[in-house]
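Student: I should like to learn how to read the features of a structure. May we work through an example together?

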2 protein chains.
Amino acid sequence: MTSTPLLARPTGLRADSARNRALLLECARTMLARDPANTSLNSLAVAAGVGVGTVYRHFPNTRVLLESIAVDAFAVLLERIRVLEVHSGGAAAFEEMIRTTFELLADDPGLAAVLAQPDFECADVHDIAIEFSGLVAAMIASARTVGALRPSITADDIRRLLNGLHTATQGLAPARRSEYVDVLLAGLRPPS
Amino acid sequence: MTSTPLLARPTGLRADSARNRALLLECARTMLARDPANTSLNSLAVAAGVGVGTVYRHFPNTRVLLESIAVDAFAVLLERIRVLEVHSGGAAAFEEMIRTTFELLADDPGLAAVLAQPDFECADVHDIAIEFSGLVAAMIASARTVGALRPSITADDIRRLLNGLHTATQGLAPARRSEYVDVLLAGLRPPS
DNA sequence: ACCTGAACACCGTTCAAGT
DNA sequence: ACCTGAACACCGTTCAAGT
């Protein structure tokens with residue numbers, strides 16, 4: 001009874017299955033970009049020209065679809081954060097982490113969903129999330145040591161605040177958005 | 001052709017209509033408190049024991065229902081802000097306004113919806129919103145004069161930030177929530 | 001293995017028919 | 001003037017039947 005774990009990026013699919021999967025993901029991305037409100041699993045099936053059951057075979061629910069869309073961006077984000085931790089110092093790395101995450105967040109609708117609710121359906125996304133929050137925790141600790149961060153802030157607080165900032169800046173011009181990040185970063189420094 | 005405007009709190013209803021309205025609002029409040037995800041206009045009709053059409057007669061869509069639920073809390077909020085502006089000074093009044101709004105926001109699901117999207121269906125809620133944002137703008141101006149606020153912040157920014165903070169603190173203990181407000185307030189002060 | 005599409009429960013919304 | 005409930009389009013989800 002070796003039950004295969006749910007993966008955002010599964011391997012060893014039959015050729016037609018893999019083709020359908022890729023087609024569905026591409027359709028979903030364009031639909032989410034065009035009209036996110038009307039992006040349903042049923043309408044996705046129609047748009048892709050496959051049966052509803054095929055959509056549900058690949059993505060048992062909307063959450064899995066979003067995680068599958070997000071996994072690439074999430075992996076990129078993780079890699080950038082890793083680089084930051086090595087190259088920059090404590091406080092600077094932390095700030096760059098916030099900015100980078102926020103920027104990728106605004107570009108990927110799946111990533112926003114992933115960050116909004118930390119209960120992951122796909123094993124690989126879960127793994128990335130664990131490693132991500134570990135890195136964030138390390139950056140927090142290091143920034144705190146330098147006295148550049150409020151002592152009570154945790155990695156989950158950062159996740160929540162980034163998510164909140166994302167909803168706050170919905171539909172705002174990029175230039176204006178970066179100012180909101182400035183507000184957050186200033187607020188995170190320890191009170192004098 | 002004097003078309004009656006849509007009101008969150010209409011007057012001159014027939015006795016049975018007014019009774020139904022009150023019943024629906026009470027049912028909706030308890031349903032939203034118990035299980036917000038499953039609070040639909042159809043299930044509200046069932047819970048209240050009236051036809052679906054009756055619900056739609058009183059509340060043409062979910063937004064109107066939420067505004068109708070929010071109008072009382074919104075009026076209370078407006079009154080408190082008015083008092084603040086008179087009694088406190090510029091910077092203090094601004095900070096108290098943020099705290100007060102945020103607290104009422106957490107207690108009223110309707111108010112959160114109202115703040116999330118500033119396109120109002122009910123005339124009276126619209127009026128309150130206009131006056132509210134006017135007062136906020138005045139407080140902003142006054143706090144800015146004292147040098148206690150970032151110059152670029154507008155009343156709409158405050159609305160967005162409060163909304164974002166609300167989603168960020170979803171499901172958090174009240175004590176922890178107030179710390180998020182501290183972060184926001186610190187971030188809103190002008191960078192040194 | 002994988003795909004199809006009918007089917008069911010549910011939701012938002014409308015409207016003819018009633019009092 | 002207001003209420004009722006059938007009805008329609010849509011969405012999430014399941015599953016028997018096919019290849």
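Tutor: The following dialogue takes up a few features of this predicted model in turn.

Student: Let us begin with the DNA. Which residues come nearest to DNA strand C?

Tutor: Of the 20 residues around DNA strand C, the nearest are Asn20(A), Thr54(A), Ser40(B), Asn42(B) and Tyr56(B).

Student: Which helices supply the surface near DNA strand C?

Tutor: In chain A, helix H1 (15-34) and helix H3 (52-58) each supply at least two residues, as do helix H2 (41-48) and helix H3 (52-58) in chain B. The largest share comes from H3(A), with 5 residues. Sorted by class, this surface has 10 polar, 7 nonpolar and 3 charged residues.

Student: Which parts of the strand lie within 4 Å of the protein?

Tutor: Sugar or phosphate accounts for 66% of the atoms of DNA strand C within 4 Å of the protein, and bases for the rest. Individual atom pairs illustrate both kinds. An N or O atom in the side chain of Asn20(A) is 2.3 Å from a phosphate oxygen of DNA strand C. For Arg57(A), a polar side-chain atom is 3.1 Å from a phosphate oxygen of the strand. Arg14(A), in turn, has a polar side-chain atom 2.9 Å from a base nitrogen of DNA strand C.

Student: How should I read a nonpolar core?

Tutor: In soluble globular proteins, nonpolar side chains tend to be buried together. Here, the largest nonpolar core has 124 residues, and those with the most contacts inside it are Phe94(A), Ile158(A), Phe94(B) and Ile158(B). Leaving aside residues up to four places away in sequence, Ile158(A) touches Phe94(A), Met97(A), Ile98(A), Val136(A), Ile140(A), Ile153(A) and Leu188(A).

Student: Is Asp124(A) buried or exposed?

Tutor: The cut-off for buried is under 20% relative accessible area. Asp124(A) has 16%, and is therefore buried. Asp124(A) lies in helix H7 (residues 123-145) of chain A. Its contacts, not counting residues up to four places away in sequence, are Leu7(A), Ala8(A), Arg9(A) and Val71(A). Between the C-alpha atoms of Asp124(A) and Asn20(A) the separation is 21 Å, and the two residues are 104 residues apart along the chain.

Student: Finally, how is chain A related to chain B?

Tutor: A turn of 180° with a shift of 0.0 Å along the axis lays chain A on chain B with an RMSD of 0.0 Å. That is the relation of a two-fold axis. Both copies use the same surface, as 100% of the contact residues of chain A recur in chain B.

Notes
Residues numbered from 1 in each chain as written. Chains lettered and ligands numbered in written order. Predicted model: local features only at pLDDT ≥ 70, side-chain atom pairs only at ≥ 80, totals over all residues. Heavy atoms only, no water. Near = heavy atom within 4 Å. Polar contact = N/O pair within 3.5 Å; in protein donor to acceptor, adjacent residues only side chain to side chain. Helix = DSSP H or I, 4+ residues; strand = E, 2+ residues; numbered from the N terminus. Nonpolar A, V, L, I, M, F, W, Y, C, P; charged D, E, K, R; others polar. Core = buried A, V, L, I, M, F, W, Y, C linked by side-chain atoms within 4.5 Å. Buried < 20%, exposed > 50% of the residue type's maximum accessible area, 1.4 Å probe, protein only. Contact = heavy atoms within 4.5 Å. Least-squares fit on C-alpha atoms with pLDDT ≥ 70 in both.
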